Amino acid sequence: MKASASPAQPIDAANGKRALDALRTALGKDWVFAAGDQALDAYRDDYALAPHGDTRPWAAVAPGNLKQIQKVLEIARRYKLALWPLSTGRNLGYGGAAARQAGALMLDLKRMKRIIEVNERAAYAVVEPGVSYLDLAARLRKLGGRLWVDSTGSPWGGPLGNFLERGVGYTPYGQHSDTQCGLQVVLADGTVVDTASGIKARTDNLYRYSHGAWVDGLFNQSNFGIVTRIGVQLMPAPAGYRPYLVTVDAEENLQALLDALRPLSLEGLLPGRPTLMTLPRAAAYGATRAQYQTGAGPLRAQAHSRLMAEQARGYWNLYGAFYGAEALLDVHVRELQNALRAVPGARLHFADTRADDAAFKCRAALMGGAPSMDEYKTLDWVGAGAHLDFTAVLPFDGDVAQSASEAARELCHAHGFDDCAEFQLEPRALRLEIRLIFEREVVAQQRAAHAAVSALAARFVSLGHGSPRAHLAFMDDTAASYRWSDDALAHASAAIKDVLDAQGVLAPGKSALWPGRHSGRRK
Amino acid sequence: MTTPPLDTAQLHARLATVVGADHVSAVPSGACYGGLLGAHLSADLHPRAVVRPASAEQLQRLAPMIAELGHGLWSSGNATGNGAQRGHPRKAGVLVDLGRMNRIIDVDRRGAFAVIEAGVTYAELAAHVRERDLPLWLDADTNGAHTVAGSIASRYTGLTPYGDHQAAVCGIEAVLANGALLRTGMGALPGSDCGARYKYGFGPALDGLFSRAHFGVVTRLGLWLMPAPRKFMPFALALPDLASMARTIDRLQPLMLDGGLGGHVLIAAHSSDAALLARLGNDAGRSSGAPPWTLYGALYGVPEMVEHHGQRLALALDSAPAAGQGAAWDARLRQLRGEALYNDADGHDACALSFTLLAPASGADVQALHHAVLTRLAEFAPRLSVQLARRYLTLTVELPDESVADGDAAGAALAAIKDLLGAGYGLHSSSPALAAELTARHTPAGLRHLYDGLHTALDPYAMLATRGKFTPDKARRKR
């Protein structure tokens, strides 16, 4: 069931004025931003793609509490506005703070930034949408650092928004969909739903499932409600921590490396989210491409060799970490060393030899529960850079990964990009994240990145490798690829959308969920 | 939509056009489907037929047929009734028994997962793994006749590191009321072989709608299995009284939280162990001198890591973790290995009144729960057991059939639950005889409104479950 975008219904001037007046009455004039207000500039994709077109909003509001959100919903329903909720607006590489279409009323939840609870004994926090990883980390530090935060590479984003976009971090608590526990959601009709017990039980943020159906996943990558509060389980600071790097020189030894690591991963001996980066991806943390090659086109072999020699890294660079008491760390290291014996040219490195490795510094911080902004230095690879990401999920299988990596590299090179990819290791699957780094203001490069992702998506879907995230521009196509059995999943989601948000006021087009598209019956 | 009512013979004949006459029958006399059809259910709601489809495709044809007849669709994995629907339709109808859908589609040794149909039992899956000598462990219910899918739908838990059965699910296939067959996660991408390897696809995750609910009938699922641990160190500890149990919970809590103890810890009252042994045909547990509570747990993993955590455990327990002895230990040891303990195919073992409460993992809380439960239920000789998980504990209360014959046991159980919910504890689960009442009383308005909306969307004829009418904003206007 491939849905396509249709322009949001523009509101006429008279109704627009009435709607804005109503919003100002509800929220106060300081928190309503209309056309001409510079504040509206914030609601765009920082890494805009020319082919995606105009996404400028009609206006924006910043409610301060739940009641104000309910009032905004009332006004949105009355004037048939398209409301686009936003927590911190840092979904960079996937559309940033922009709406799917132009003409939306942005519902900016940045003012709702209370850390409602930190429970140190049971190791969790409850936070509002505007709380960033940096905010939460600061609070945890102030409390004595007994709990870690699992931050993404963009820590100005927050736990709530990242969960909703099904984001990941890099400690053992890195699969954010698995560490969420309890949500508060406002439905389109204003109803407030607490997904745990709903009675404010003391176990609401301890036990993930309610007494009835477990509904939290409905609000992942969807527009079925406005999530206003989240419980996040936090990792107790471990007794010890040892980040490591494995380098493998030859590109063709990816298969051997992954097949050697797979049993360890399944046994839980590669905790966290070990991240296996290509040479350009890892090098970009501490170098620019101009240092190694001038002119357009992907890095050539000679540049690769120089980079490997000067930065003492391989074509493949696996950043991971072990956690626990020293004795446990030593066992981990021994197990990893044993596995790597089967991998030609594999070398294991620790912090003592990676003082000059900017990637190691950034990854060690992230894996050690400390937010780091350094991942954004990778955008300097091309000067004033931006990025567009394409992610696919593969089985944890060296042969499949080798082929996928070759396909990714070929397509990146064909569109003029370096092979800036990373595999994130999960126990049974690999997430391959391919990053197109382009010059932010160069329209031709924006077009090339867009074309590259289109080509990658087509190739990977044909190989059976699904994409678990997508930039706004690719949401319709991505959702359409999950079409098994006459689009049954999409029909079910569309049916839910049409009942819970019959007027279609919430984030039309988010994750390809457009209002009014449910046929009602299976064909 | 509805056609004139069919008599029972006509109904059976209609259903037989899909599944064959051999697979349609009246509900066997005495069958309770694990309490789904217990005495709590008024006679006019009892299903008029049991139908046993062989495939999802047959179920896809049955669902619209049952809707067209104006009947309800009830479902159960098999006669044990585990995982039977919650919130059944308020009309008689057809009970779909998925027991024939018991194909083990795949057990992937390298990836440590299985893909199975909804009628596969733990005993069948265990036999499959054993016969092929696969280095994989299950985490089974105590009753091996339970279906795996049903256990997940019931949110049962086990004791191994894969004891959170819901968390081990990876990808669901389900038939909806309109006959649509959907797959969640990566399974919805044609050609993907990550359906049972990676939990999430693109867009909202509907998986949770198919447990503790009835938004559709699960026909297949992916299940993660545990690679056989290199070392397994089980242990038991006698606890002389409630105070020592509470103290032990407080001392174990940090180890649970940081993952030092990978699985769940069971603390069984003597009466709970004795009842298990009686079910196994062994009355050794009735011997005098047994401690009031016994703690059972295990460490799993690489030998040196197990030994390291064993040392931490010794500090917490004031004694080195050691194996237990006797018949109860033998049974609990099998549970710690993830094995089922018995096969009871008719499901009568689950007919008793039982419920499970949730509390923070603390000694003070377990004492408070214990006190409140005994205050209301002492006369019914409740059997108690505690499971300690990473961040919470559960207290399971079972009221033995022989003790509930006199008095209003269900009423007393509901009163105890009400007391405890009022005191800030949570409700994990309850036997079917209590579930309807608890759901009606204790589902908060917001969540109920959402459930009504989901039923309206996915089950427009209310053939799968009773629901309220979804009127936008209803819940808010009521307040």
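This report walks through the cysteines, two unusual backbone angles and the aromatic contacts of a predicted model.

Let's start with the cysteines. A search over all chains turns up zero disulfides. Take Cys194(B): the nearest cysteine sulfur belongs to Cys170(B) and sits 8.6 Å away, and Cys194(B) is in no disulfide. A pair would have to come within 2.5 Å to count as a disulfide. Cys194(B) is also buried, because its relative accessibility is 0%, and buried means under 20%. Over in chain A, Cys181(A) likewise counts as buried, again at 0% relative accessibility.

Next, the backbone. Two residues that are not glycine carry a positive phi: Lys80(A), near 55 degrees, and Arg212(B), at about 55 degrees. Lys80(A) sits in the loop of chain A between α2 (66-79) and β3 (83-86). For Arg212(B), the place is the chain B loop between β9 (181-183) and β10 (217-224). Are these two buried or exposed? Lys80(A) is exposed, since its relative accessible area is 65%, while Arg212(B) is buried, since its value is just 5%.

Now for the rings. Over all chains, the structure holds 17 aromatic pairs. One of them joins Tyr207(A) and Tyr392(B) in an edge-to-face arrangement, with 5.1 Å from centre to centre and 80 degrees between the planes. This pair crosses between chains: Tyr207(A) comes from the loop between β9 (192-194) and β10 (226-233) of chain A, and Tyr392(B) from strand β17 (residues 392-399) of chain B. Tyr207(A) is buried, with a relative accessible area of 5%, and Tyr392(B) is buried too, at 11%. The two tyrosines don't stand alone, either: ring pairs link Tyr207(A), Tyr392(B), Tyr209(A) and Trp214(A) into a cluster.

Arginines get in on the ring action as well. Which rings have an arginine over the face, and at what distance from the ring centre? Here are two cases:

| Arginine | Ring below | Distance from ring centre |
|---|---|---|
| Arg363(A) | Tyr170(A) | 4.2 Å |
| Arg183(B) | Trp484(A) | 3.8 Å |

In the first row, Arg363(A) and Tyr170(A) both belong to chain A. In the second, the arginine is from chain B and the tryptophan from chain A, so that contact joins the two chains, much as the pair of Tyr207(A) and Tyr392(B) crosses between chains.

How values were computed. Residues numbered from 1 in each chain as written. Chains lettered and ligands numbered in written order. Predicted model: local features only at pLDDT ≥ 70, side-chain atom pairs only at ≥ 80, totals over all residues. Heavy atoms only, no water. Buried < 20%, exposed > 50% of the residue type's maximum accessible area, 1.4 Å probe, protein only. Helix = DSSP H or I, 4+ residues; strand = E, 2+ residues; numbered from the N terminus. Phe/Tyr/Trp six-rings, centres within 6.5 Å; stacked < 30°, edge-to-face > 60°. Lys NZ or Arg CZ within 6 Å of the ring centre and 35° of its normal.
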